[in-house]
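Trainee: Got a minute to go through this one with me? I'd like to talk it over piece by piece.

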Amino acid sequence: MIVERTRSLLPEFAAIVGHHSHTPQPISAFKGSDGLVRPVAYSLGNFCCGTALSRYCYGQILKLDLGRTADGAWSVGRLAWAFLQSTHSADTVHVGLCDDVPHFERMPVPNIQSHSGVVTPKHRD
């Protein structure tokens with residue numbers, strides 16, 4: 001249902017960034033009928049988590065370069081993301097970059113302007 005709703009909204013937006021699932025979800029890119037590629041981040045997860053439950057201690061930082069095309073439409077240039085992990089010690093929460101998140105495999109991030117397919121971290125069962 002969320003994927004279908006997202007696709008129906010894509011013609012109106014240069015990018016869609018979701019939240020609330022408390023865990024990182026795939027980042028995809030879809031090419032619109034106008035030829036522009038539109039990224040969709042279904043959920044960035046948690047930036048900082050105050051609980052020690054390991055499943056909620058991961059998130060993503062997303063960087064999008066936005067600009068206008070020659071005809072004035074908003075478009076995404078470069079896209080990059082990195083995974084985060086919150087760790088706890090005594091009464092402090094530490095947030096830092098991490099190379100791996102359970103259930104995801106790290107993939108190279110292409111220049112989205114020259115990419116015509118889908119950019120999706122592979123989900124492992």
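Mentor: Sure, we'll take the overall layout, then the strands, the cores, the surface and the salt bridges.

Trainee: Anything I should keep in mind before we start?

Mentor: This is a predicted model, where local features need pLDDT of at least 70, side-chain atom pairs count only at pLDDT 80 or more, and totals for chains, interfaces and linings use all residues. Residues are numbered from 1 along each chain as its sequence is written, and side-chain values use heavy atoms, with hydrogens and water left out.

Trainee: How many helices and strands are there?

Mentor: One helix and six strands, in the order α-β-β-β-β-β-β along the sequence. Helices (H or I, at least four residues) and strands (E, at least two) are DSSP runs, numbered from the N terminus.

Trainee: And how much of the protein is buried?

Mentor: Of its 125 residues, 33% count as buried. Buried means under 20% relative accessible area, exposed over 50%, and partly exposed in between (1.4 Å probe, protein chains only).

Trainee: What share of the contacts comes from residues 24 or more positions apart?

Mentor: They account for 48% of the contacts with a separation of 6 or more; contact means heavy atoms within 4.5 Å.

Trainee: Let's go to strand 3. Which way do its residues point?

Mentor: Val37, Pro39 and Ala41 point one way, Arg38 and Val40 the other, and all are buried. With five of the five residues of strand 3 (residues 37–41) buried, the strand is largely enclosed by the rest of the structure.

Trainee: What does strand 2 do with strand 3?

Mentor: Strand 2 (residues 27–31) and strand 3 pair in the antiparallel sense over five bridges. For pairing, DSSP has to find at least two bridges between the strands. Alanine 29, for instance, has proline 39 in strand 3 as its bridge partner. The two strands form a hairpin with five residues between them, and glycine 35 in that turn has a positive phi of about 90°.

Trainee: And strand 1, parallel or antiparallel to strand 3?

Mentor: Parallel: two bridges join strand 1 (residues 16–17) to strand 3, and isoleucine 16 stands opposite valine 40.

Trainee: What sits in the loop between strand 1 and strand 2?

Mentor: Histidine 22 is found there. Histidine 22 has a positive phi of about 70° although it is not a glycine, and it is partly exposed, with a relative accessible area of 36%.

Trainee: Now the other hairpins. How many bridges join strand 4 to strand 5?

Mentor: Ten, with the strands running antiparallel. Leucine 66, for example, has valine 76 in strand 5 as its bridge partner. There are five residues between the two strands of this hairpin, and glycine 72 in the turn has a positive phi of about 95°.

Trainee: Then strand 5 to strand 6?

Mentor: Seven bridges, again antiparallel. This hairpin has two residues between its strands, and alanine 90 in the turn has a positive phi of about 55°.

Trainee: Which residues make up the largest nonpolar core?

Mentor: Nine of them: Ile27, Ala41, Tyr58, Leu62, Leu79, Trp81, Phe83, Cys98 and Val101. Its largest share, three residues, comes from strand 5. A nonpolar core here is a set of buried Ala, Val, Leu, Ile, Met, Phe, Trp, Tyr and Cys residues joined through side-chain atoms within 4.5 Å.

Trainee: What's cysteine 98 in contact with?

Mentor: Leaving aside neighbours within four places in sequence, cysteine 98 is in contact with Tyr58, Phe83, Leu84 and Gln85.

Trainee: Okay, salt bridges. How many in the whole structure?

Mentor: Two, taking a salt bridge as a side-chain nitrogen of Lys or Arg within 4 Å of a carboxyl oxygen of Asp or Glu. One joins arginine 38 and aspartate 34 (2.9 Å, N to O).

Trainee: Is that arginine 38 buried or exposed?

Mentor: Buried, at a relative accessible area of 9%, while aspartate 34 is partly exposed at 45%.

Trainee: Which side chains meet in the other one?

Mentor: Arginine 78 and aspartate 65, also listed at 2.9 Å, N to O. That pair links distant parts of the chain, with arginine 78 in strand 5 and aspartate 65 in strand 4, 13 residues apart. Arginine 78 is exposed, with a relative accessible area of 57%.
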